[in-house]
Amino acid sequence: MQTLAVIIVSWNVRDLLDRCLETLQADLERTQALSQVWVVDNASTDGSAALVREKHTWVNLETPEENLGFVRGNNLVLNHFIAQHTLPDFVWLLNPDTEVKRGATEKLLTFMNAYPGVGLVGPKLLNPDGSLQQSAFHFPGLLQPLFDLGLLPARFYASGANGRYSHRHYAAGKPFQIDHPLGAAMMARGTAVMKVGSLDERYFMYCEEIDWAFRMKKAGWQAWLVPEAEVIHHGGASTGQVRPQTTFYLWESRARLYKNHYGLFTRAIVAAFVRRHFARQMAPTPEWQQAYQEILQAWR
């Protein structure tokens, strides 16, 4: 029987975590896989850990004393599996602000079983109102950072120039190959993880799934999206709580991504635009000013 581990790294989203676990449990019961679920509570102060202990006793709970971030939180479990040579057939990294719709897990597993060359797969993500949320992307290049800096016309934001796949791909309902799925709900093949390793802990948060997909592609693995598998994603529930810090984490991670996977010319062009933008930003608070200075340092 195939095995599946679901890892959920959570921070101060108690009610969303509760709903995530409820929908996940119901969907796992419909699969043929031998599954286990891990929640890594990143030192939450809202009673999240107590909720899991008291209500979701079927879940394995880890409670580090500090906020490890998304990457180190997932690696707390991933590296344990790797060290013990007990990595499951599949590992699903799932955000706590998601709701798994009926049949999503089985559809992802079925696809992975049918295509052994696929290392990463993602479901179609939906906003809480049922509308489509971009779930997969091309690897970033010269243009994507410029959109986020507001330097390119907003009317092209949802286009391929900004790394988006056409809505027609999602509407067709058929799996399609992608560069990388959104990290909110990405499933990885255990053998691929053993080959490329766990997430890179130099990324505190953001871009870690892009880096993972880059490493898997270089190792010969493909990434796909399965539109028939649907997951609701509320989005930004944890990261939106600390805006100056998360802005810094985003752009620091992007700087690392470009240093790791792009040539000197592309890195230099993007770095010039990023530094020019943040050097001219007027910070509303000392915290924001500190974040801007750290971003400038990261892109040197």
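The exercises below, each with a worked solution, concern side-chain contacts and backbone angles in a predicted model.

**Exercise 1. Salt bridges around Glu-22**

Task: Determine which residues form salt bridges with Glu-22, and place each partner in the secondary structure.

Solution:
1. Take Arg-19 to begin with. Its side chain meets that of Glu-22 in a salt bridge, with an N to O distance of 3.6 Å.
2. Place this pair. Glu-22 and Arg-19 both belong to helix α1 (residues 14–28), and because they are three residues apart there, about one helical turn separates them.
3. Check accessibility. Glu-22 has 31% relative accessibility and counts as partly exposed; Arg-19, at 39%, is also partly exposed.
4. Turn to Lys-55. The side chains of Lys-55 and Glu-22 form a salt bridge at 2.7 Å, N to O.
5. Place this second pair. Lys-55 lies in helix α2 (residues 48–55) and Glu-22 in helix α1, so the contact ties together parts that are 33 residues apart in sequence.
6. Lys-55 is partly exposed, at 42% relative accessibility.
7. Widen the view. A network of salt bridges links Asp-18, Arg-19, Glu-22, Lys-55 and Glu-99.

**Exercise 2. A salt bridge with unlike partners**

Task: For the salt bridge between Arg-202 and Asp-200, decide whether each residue is buried, partly exposed or exposed.

Solution:
1. The contact itself joins the side chains of Arg-202 and Asp-200 at 2.8 Å, N to O.
2. Arg-202 has a relative accessible area of 46%, and because the partly exposed range runs between 20% and 50%, Arg-202 is partly exposed.
3. Asp-200 has 15% relative accessibility; this is under 20%, so Asp-200 counts as buried.
4. For context, the count over the model comes to twelve salt bridges.

**Exercise 3. Positive phi outside glycine**

Task: For His-85 and Tyr-206, give the phi angle, the loop that holds the residue, and its exposure.

Solution:
1. His-85 is a residue other than glycine with a positive phi, near 55°.
2. The loop that holds His-85 runs between α3 (69–84) and β4 (90–94).
3. With a relative accessible area of 68%, His-85 is exposed.
4. Tyr-206, likewise not glycine, has a positive phi near 75°.
5. Tyr-206 sits in the loop between α7 (190–196) and α8 (208–218).
6. The relative accessible area of Tyr-206 is 25%, and Tyr-206 is partly exposed.

**Exercise 4. Aromatic contacts of Trp-251**

Task: State which aromatic cluster includes Trp-251 and which charged group sits over its ring.

Solution:
1. A search of the whole structure gives 17 aromatic pairs.
2. One aromatic cluster is formed by Phe-139, Phe-214, Trp-251, Tyr-258, Tyr-262, Phe-278, Trp-288, Tyr-292 and Trp-299.
3. Trp-251, a member of that cluster, also has the charged end of Arg-254 over its ring, 4.5 Å from the ring centre.

**Exercise 5. Cysteines and disulfides**

Task: Find how many disulfides the structure holds, and classify Cys-20 and Cys-207 by exposure.

Solution:
1. A disulfide is a covalent bond that joins the sulfur atoms of two cysteines.
2. The search covers the whole structure and returns zero disulfides.
3. Cys-20 is at 0% relative accessibility and counts as buried.
4. Cys-207 has a relative accessible area of 7% and is buried.

Notes:
Residues are numbered from 1 along each chain as its sequence is written. This is a predicted model: local features need pLDDT of at least 70, side-chain atom pairs count only at pLDDT 80 or more; totals for chains, interfaces and linings use all residues. Side-chain values use heavy atoms; hydrogens and water are left out. A disulfide is a pair of cysteine sulfur atoms within 2.5 Å. Buried means under 20% relative accessible area, exposed over 50%, partly exposed in between (1.4 Å probe, protein chains only). Rings of Phe, Tyr and Trp (its six-membered ring) pair if their centres lie within 6.5 Å; planes under 30 degrees apart count as stacked, over 60 as edge-to-face and the rest as tilted. A charge sits over a ring if NZ of Lys or CZ of Arg is within 6 Å of the ring centre and within 35 degrees of the ring normal. Helices (H or I, at least four residues) and strands (E, at least two) are DSSP runs, numbered from the N terminus. A salt bridge is a side-chain nitrogen of Lys or Arg within 4 Å of a carboxyl oxygen of Asp or Glu.
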